[in-house]
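Please find below my notes on the model you sent round. I have kept them to the overall fold and the internal space.

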Amino acid sequence: MYRAFQKFVDRLTEGTDRNAAQQSMADMAAALNLSCFAYLALPHEPGGAPNLISTYPPSWTAHYLQHHYESFDPVVRRAISHTQPFRWGLGFEPRVRSESERALFEEAAKFGIRCGFTIPIHDNKGAIAAVTFASDERRISFERSISEHAQVLRLIAMFFHAHAGRMLGSDRVVDGVLLSPRELECLEWSSHGKSAWEIGNILGISRRTAAFHLDNARAKLGVRTLRQAVVRLVESKSRR
């Protein structure tokens, strides 16, 4: 395990983007016989978009974020209010308390996510995140890995959080300007020809809110028009 951990540290330290972060954690999890993971960083501002890096099925993560499940997911709610790692699902807390929570767990189960081990992260900057290792059932190998490596997994989660923040931030830098996740998201959709009204429908926000984020992105980039902001985004991505 030492070699796997050293490789994990090296790849995270040298990595520069979301894909590098995902692969480094995926390899570390595999070395510990853990099949999948998810890192969820909650937004600093109300109404902001969370950041998610995971090896869960993409169709599930897209559905989860689109419907803002993080706002009532009992696992996330417990991670917000607790600092100690915990197990959940298939007999473990947190138990579902509402129909919406029950539906969430049932949907997740269809994608092979039935139980897990979650490590809450509350850093000294006020950020809240969580790293979860999940399984489709309480397999012996999964249970053994969690029991034997609980403290190591906590260290891995903290190290990942520290570097994921840097990598996620670099994804949002356009010509040296750091945009918020929502500003970048709206600008990306604008680059695909979507209007503020269409962007609002896609992201589940109002047209006015979408226009607000687009205008903020334009102002931060120091340009006069949205078209110029889109050009800056496209040119910046082509240089990466």
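The points that follow take the chain as a whole and then its cavities.

1. This is a predicted model, in which local features need pLDDT of at least 70 and side-chain atom pairs count only at pLDDT 80 or more, whereas totals for chains, interfaces and linings use all residues. Residues are numbered from 1 along each chain as its sequence is written, and side-chain values use heavy atoms, with hydrogens and water left out.

2. The chain comprises ten helices and seven strands (DSSP runs, H or I of at least four residues for helices and E of at least two for strands, numbered from the N terminus). Its radius of gyration, taken over C-alpha atoms, is 19 Å, close to the 18 Å that the globule rule (2.2 Å times the number of residues to the power 0.38) gives for 240 residues, so the chain is as compact as a globular protein of that length.

3. Of the 240 residues, 42% count as buried, that is, under 20% relative accessible area with a 1.4 Å probe and protein chains only.

4. The structure holds three cavities of 30 Å³ or more, a cavity being a set of points on a 1 Å grid over the protein atoms alone where a 1.4 Å probe fits but cannot get out. The largest has a volume of about 290 Å³, volume being the space filled by probe spheres set on the points, which are joined across faces, edges and corners.

5. Lining this largest cavity are 19 residues, of which Tyr56, Tyr64, Asp73, Val75 and Thr132 lie nearest its centre; lining residues have an atom within 4 Å of a point. Strand E1 (36-41), helix H3 (58-66), helix H4 (74-81), helix H5 (99-110) and strand E5 (128-135) each supply at least two residues of that lining.

Notes:
On a 1 Å grid over the protein atoms alone, a cavity is a set of points where a 1.4 Å probe fits but cannot get out, and a pocket is an open set with protein on both sides within 12 Å along at least five of seven lines; lining residues have an atom within 4 Å of a point. Buried means under 20% relative accessible area, exposed over 50%, partly exposed in between (1.4 Å probe, protein chains only).
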